[in-house]
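Here are some exercises to work through with the coordinates open in your viewer. Try each task before you read its solution.

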Amino acid sequence: MPELIKKQMIIDGKQENASSGETYLSINPATEEGFAELPQGSKADAEKAISAARASFDSEKWSSLPAGKRGKILWKVADLIMQNRRELAEFETGETGKPIRETMSIDIPMAADLFRYYAGAATKVHGETIPVNGNFFHYTVREPIGVLGLIVPWNFPMLIAARKIAPALACGNSIVLKPAEISSLTAIRMAELCLEAGVPEGVFNVVSGKGSVVGQVIVDSPLVDGISFTGSTSVGQTIMQGGAGNVKRLSLELGGKSPNIVFVDADIDTAIKMAAAAIFYNKGEVCTAGSRLFVEASIHDEFAEKLSARAAKMLPGDPMDENTRLGPLVSKVQFEQVSEYVKIASEDGATVTAGGEKHDIGSGKGYFYKPTVFTNVNNDMRIAREEIFGPVLSVIKFSDVHDVIQKANDSIYGLAAGIWTRDIKKAHYVAQKINAGTVWINTYNMYDAASPYGGNKMSGFGKESGMESIHEFYTRSKTVWVDLNF
Ligand code: NAP
Ligand code: MG
């Protein structure tokens with residue numbers, strides 16, 4: 001067994017063990033063996049991190065720096081991320097099972113890109129002068145919020161954390177980051193790199209441990225001014241309740257059950273390839289996964305057949321192998337959840353046309369699951385309504401534009417949607433009618449540091465990325481009136 005990686009939390013700029021001395025193991029999902037040993041943060045550790053963040057914010061040592069100087073430091077963080085790309089990619093692959101070719105080419109560089117985008121954004125955060133009635137000089141200024149709790153999941157540990165850390169720091173906030181218990185290494189490493197780049201001590205704290213302990217303390221603390229959370233809708237609801245205590249500012253990016261719609265006039269070969277990618281990318285552990293595939297009736301059978309054949313060939317393998325494109329599910333819990341939904345789907349009368357079972361890569365170990373396709377699914381079945389967060393696709397037939405708009409919107413979620421057609425008018429009409437935060441036309445799962453991203457309905461609220469996140473969450477505006485009556 002390879003040696004365990006050991007990391008400490010970062011509190012007030014120092015590496016810290018849990019005050020209790022307790023640790024836990026994070027598991028490599030490809031081998032089911034321990035990958036890293038991390039501190040099991042307690043209530044006291046979370047409180048210490050929050051106090052450090054509060055003191056650093058109140059001292060103004062970060063927020064009072066010229067924005068350009070903060071920007072330069074964040075640019076340096078991006079450079080350090082790229083210099084440490086291999087190590088970060090191995091951490092991410094080891095804890096989550098994402099293929100190394102993806103962590104090297106997507107997760108780590110895109111995290112660096114977020115730091116670069118917000119490095120540049122730091123100097124573009126400003127208020128307005130507004131003409132008002134009477135003889136007044138009237139203006140607004142943008143200021144940081146204060147101490148922000150950033151709570152992130154395990155599906156894109158580095159990327160989702162960077163999407164919150166970079167704008168938070170660019171605007172002068174202090175932060176307490178709570179990574180998912182099973183994937184904390186890259187979060188801790190980013191805090192180390194931020195210190196190295198010149199972010200002052202106490203501004204960026206990371207506490208590892210359980211959501212129900214560390215996360216809950218952050219949510220309940222009166223010293224925390226806002227929470228940006230990505231994860232399940234049920235924990236999002238808990239956070240709304242906890243945050244009510246001191247009326248915290250919230251940004252919630254929650255679950256999804258995104259419709260991906262294929263019309264008869266689409267480029268069918270591309271649509272097949274991309275429909276598979278839309279659900280199976282990152283083993284379906286993607287909040288925007290195109291998990292409900294709507295196919296126009298006249299092409300449904302042929303499309304489903306070709307897609308299933310493609311899925312059957314997309315077998316997962318060892319994520320540390322440079323040639324692997326699909327890894328194991330992230331954990332035993334997710335493996336069991338996926339297996340359970342596959343059972344439910346069969347009992348509900350859906351037909352499995354690809355996968356539907358565990359995959360053995362030869363070692364007999366690991367949470368590998370075959371990409372799975374179900375046909376004969378209707379929109380009322382549990383596999384079409386509930387977020388599975390795994391490689392399980394529901395294929396659903398539709399008759400026309402109006403039928404598919406109704407079916408696509410018949411969901412508690414509203415995160416994203418895909419539309420495949422060569423008809424421009426139809427594409428934009430459907431894009432307008434779909435209740436989702438992001439719509440992709442003839443593409444899917446596209447992200448950019450500059451592109452605002454977030455959900456509707458029970459997929460949450462608040463936009464991330466772009467300048468919109470700065471206006472919506474990471475700064476507030478203050479109005480100033482100056483009497484000019486002489
Ligand atoms: P989760 O429970 O919502 O976890 C997300 C983060 O919140 C983790 O850091 C978690 O800590 C923390 N947390 C848990 N309970 C908390 C509480 N009471 N107060 C504050 N923080 C708390 O998600 P999960 O259990 O990892 O996954 C469950 C399901 O959520 C998935 O199957 C999927 O449906 C959905 N999900 C959605 C996304 C998304 O991007 N929208 C991402 C991941 C999961 P721990 O580390 O202790 O869990
Ligand atoms: Mg959970």
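A salt bridge here is a side-chain nitrogen of Lys or Arg within 4 Å of a carboxyl oxygen of Asp or Glu. One caveat before you start: this is a predicted model, where local features need pLDDT of at least 70 and side-chain atom pairs count only at pLDDT 80 or more, while totals for chains, interfaces and linings use all residues. Residues are numbered from 1 along each chain as its sequence is written, chains are lettered from A and ligands numbered from 1 in the order in which they are written, and side-chain values use heavy atoms, with hydrogens and water left out.

**Exercise 1. Count the salt bridges, then work out which parts of the chain the pair lysine 7 and glutamate 192 ties together.**

Step 1. Run the rule over the model and you get 28 salt bridges.

Step 2. Zoom in on lysine 7 and glutamate 192: their side chains form a salt bridge with an N to O distance of 3.0 Å. Lysine 7 sits in the loop between β1 (5-6) and β2 (9-11), and glutamate 192 is in helix α6 (residues 185-197), so the pair links parts that are 185 residues apart in sequence. Helices (H or I, at least four residues) and strands (E, at least two) are DSSP runs, numbered from the N terminus.

Step 3. Check the surroundings. Buried means under 20% relative accessible area, exposed over 50%, and partly exposed in between (1.4 Å probe, protein chains only). Lysine 7 comes out buried at 15%, and glutamate 192 is buried too, at 12%.

**Exercise 2. Find where in the structure lysine 306 and glutamate 302 lie, then do it for glutamate 340 and lysine 343.**

Step 1. Lysine 306 and glutamate 302 make a salt bridge, with 2.9 Å between the closest N and O atoms. Both residues belong to helix α10 (residues 297-313) and are four residues apart, about one turn of the helix. Lysine 306 is partly exposed at 40%.

Step 2. For glutamate 340 and lysine 343, the closest N and O atoms of the salt bridge are 4.0 Å apart. Here the helix is α11 (residues 332-347), and the spacing is three residues, again about one turn of the helix. Glutamate 340 is partly exposed at 38%, and lysine 343 is partly exposed at 48%.

Step 3. Now look for shared partners: salt bridges of that kind join Lys7, Glu87, Arg189 and Glu192 into one network.

**Exercise 3. Describe the shell around ligand 1: which residues come nearest, and which elements and domains supply it?**

Step 1. A residue is near a molecule if one of its heavy atoms lies within 4 Å of it. That gives 26 residues around ligand 1, and Trp154, Glu181, Gly211, Ser232 and Glu387 come nearest.

Step 2. Sort them by class. The shell has 12 nonpolar, nine polar and five charged residues, with Ala, Val, Leu, Ile, Met, Phe, Trp, Tyr, Cys and Pro as nonpolar, Asp, Glu, Lys and Arg as charged, and the others, Gly among them, as polar.

Step 3. Map the shell onto the fold. α7 (211-220), β10 (226-230) and α11 each supply at least two residues, and α7 gives the largest share, four residues. Domain 1 (5-254 + 459-480) and domain 2 (259-449) each contribute at least three; these bounds come from an automatic or database domain assignment.

Step 4. List some N and O pairs. A backbone N or O atom of glutamate 181 is 2.4 Å from an oxygen atom of ligand 1. A polar side-chain atom of serine 232 lies 2.6 Å from an oxygen atom of the ligand, and an N or O atom in the side chain of glutamine 216 is 2.7 Å from a ligand nitrogen.

Step 5. Finish with the area: taken alone, ligand 1 exposes 850 Å², and the protein buries 85% of that (Shrake-Rupley method, 1.4 Å probe).

**Exercise 4. Find where glutamate 32 and asparagine 376 lie, and give phi for each.**

Step 1. Recall the background: most residues other than glycine have a negative phi.

Step 2. Glutamate 32 has a positive phi, near 65°. Its place is the loop between β4 (23-28) and β5 (33-39), and it is partly exposed at 30%.

Step 3. Asparagine 376 also has a positive phi, about 55°. This residue lies in the loop between β15 (372-375) and α12 (382-385) and is exposed at 51%.

Definitions and conventions. Polar contact = N/O pair within 3.5 Å; in protein donor to acceptor, adjacent residues only side chain to side chain.
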